[in-house]
Each structure stands twice: as C-alpha cells, then as structure tokens.
Amino acid sequence: MMEYRKATEKDIDLISEIRRVQLIHEKAHEEVEIREELRTFFEHAFAENRIVQILAEDNGTVAATGAVIF
C-alpha cells in the first residue's frame with residue numbers, strides 16, 4: 001500500500017541521492033561527484049524552512065518524491 005510522508009532532515013541523504021540519479025537520467029548533469037553539493041543544498045533548505053518534500057513509499061521503499069522549494 002502506498003503511504004505518504006513529509007521528509008525531514010533525516011532523509012537528506014536519501015533525497016540527495018534520488019535527485020543525483022534523476023539529474024543523470026535527465027542528462028542535465030554529467031556523472032560527476034555532486035553528492036556534497038546536493039547535501040549542502042538540502043541541509044540549508046531544511047534549516048531555513050524553504051522546502052517541503054513529500055515521499056511516497058510502497059512497502060517501505062521510496063517510489064516517488066515531490067518537492068516545493070520556497
């Protein structure tokens with residue numbers, strides 16, 4: 001069953017990796033090391049309350065994400 005939850009700072013590694021893979025698949029970014037930059041972006045966004053990230057989980061595995069960045 002699909003469940004939805006709001007991401008927290010504890011999910012930063014997960015959402016950073018999801019975004020990194022998405023950028024590579026979209027060919028918007030080369031396969032280079034961008035993990036640290038993504039982590040820093042999400043850390044600041046969460047700390048400043050500029051992001052709401054929703055995770056859709058199917059049996060405990062993230063199946064989709066959605067974000068609003070202010």
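**Figure 1. Helix 1 and helix 2 cross in a right-handed sense.** The model shown here and in the other views is predicted. Helix 1 spans residues 12–25, and helix 2 spans residues 35–47. Their axes lie 9 Å apart and form an angle of about 125°. The two helices are therefore oblique to each other, since an angle is oblique when it falls outside the ranges under 35, 65 to 115 and over 145 degrees. Helix 1 contributes Ile 12, Asp 13, Ile 15, Ser 16, Glu 17, Arg 19 and Arg 20 to the contact. Helix 2 contributes Arg 35, Leu 38, Arg 39, Phe 42, Glu 43 and Phe 46.

**Figure 2. Glu 17 forms salt bridges with Arg 20 and with Arg 35.** In the pair with Arg 20, the closest N and O atoms are 2.8 Å apart. Both of these residues belong to helix 1, 3 residues apart, so about one helical turn separates them. In the pair with Arg 35, the closest N and O atoms are 3.4 Å apart. Here Glu 17 sits in helix 1 and Arg 35 in helix 2, so the salt bridge ties together parts that are 18 residues apart in sequence. Glu 17, Arg 20 and Arg 35 are also among the residues that make the contact between the two helices.

**Figure 3. Arg 20 is buried, while Glu 17 and Arg 35 are partly exposed.** The relative accessibility of Arg 20 is 8%. That value counts as buried because the cut-off is under 20%. Glu 17 has a relative accessible area of 29%. For Arg 35 the value is 39%.

**Figure 4. Three strands build an open antiparallel sheet.** The strand order is 1-2-3. Strand 1 and strand 3 (61–69) are the edge strands, each pairing on one side only. On average, neighbouring strands are turned by 20° against each other, direction ignored. Strand 1 covers residues 2–6 and strand 2 covers residues 51–58. These two strands pair in the antiparallel sense over 5 bridges. One residue pairing in this view is Glu 3, whose bridge partner in strand 2 is Glu 57.

**Figure 5. A salt bridge joins the side chains of Arg 5 and Glu 57.** The N to O distance is 3.1 Å. Arg 5 lies in strand 1 and Glu 57 in strand 2, so the pair ties together parts that are 52 residues apart in sequence. Arg 5 is partly exposed, at 30% relative accessible area. Glu 57 counts as buried, at 16% relative accessibility. Asp 11 joins Arg 5 and Glu 57 in a network of salt bridges. Glu 57 is also the bridge partner of Glu 3. In total, the structure holds 7 salt bridges.

**Figure 6. Helix 2 lies across strand 2 and strand 3.** The helix runs at about 110° to strand 2. Strand 3 is an edge strand of the sheet, and strand 2 stands between strand 1 and strand 3 in the order 1-2-3. Helix 2 also packs with helix 1. Its residues in that contact include Leu 38, Phe 42 and Phe 46.

How values were computed. Residues are numbered from 1 along each chain as its sequence is written. This is a predicted model: local features need pLDDT of at least 70, side-chain atom pairs count only at pLDDT 80 or more; totals for chains, interfaces and linings use all residues. Side-chain values use heavy atoms; hydrogens and water are left out. A salt bridge is a side-chain nitrogen of Lys or Arg within 4 Å of a carboxyl oxygen of Asp or Glu. Helices (H or I, at least four residues) and strands (E, at least two) are DSSP runs, numbered from the N terminus. Buried means under 20% relative accessible area, exposed over 50%, partly exposed in between (1.4 Å probe, protein chains only). Two strands pair if DSSP finds at least two bridges between them. Axes are lines fitted to C-alpha atoms, for helices over the stretch in contact, and angles run from 0 to 180 degrees between N-to-C directions. Contact means heavy atoms within 4.5 Å. A crossing is left-handed if the near helix is turned anticlockwise from the far one by less than a right angle, and right-handed if clockwise.
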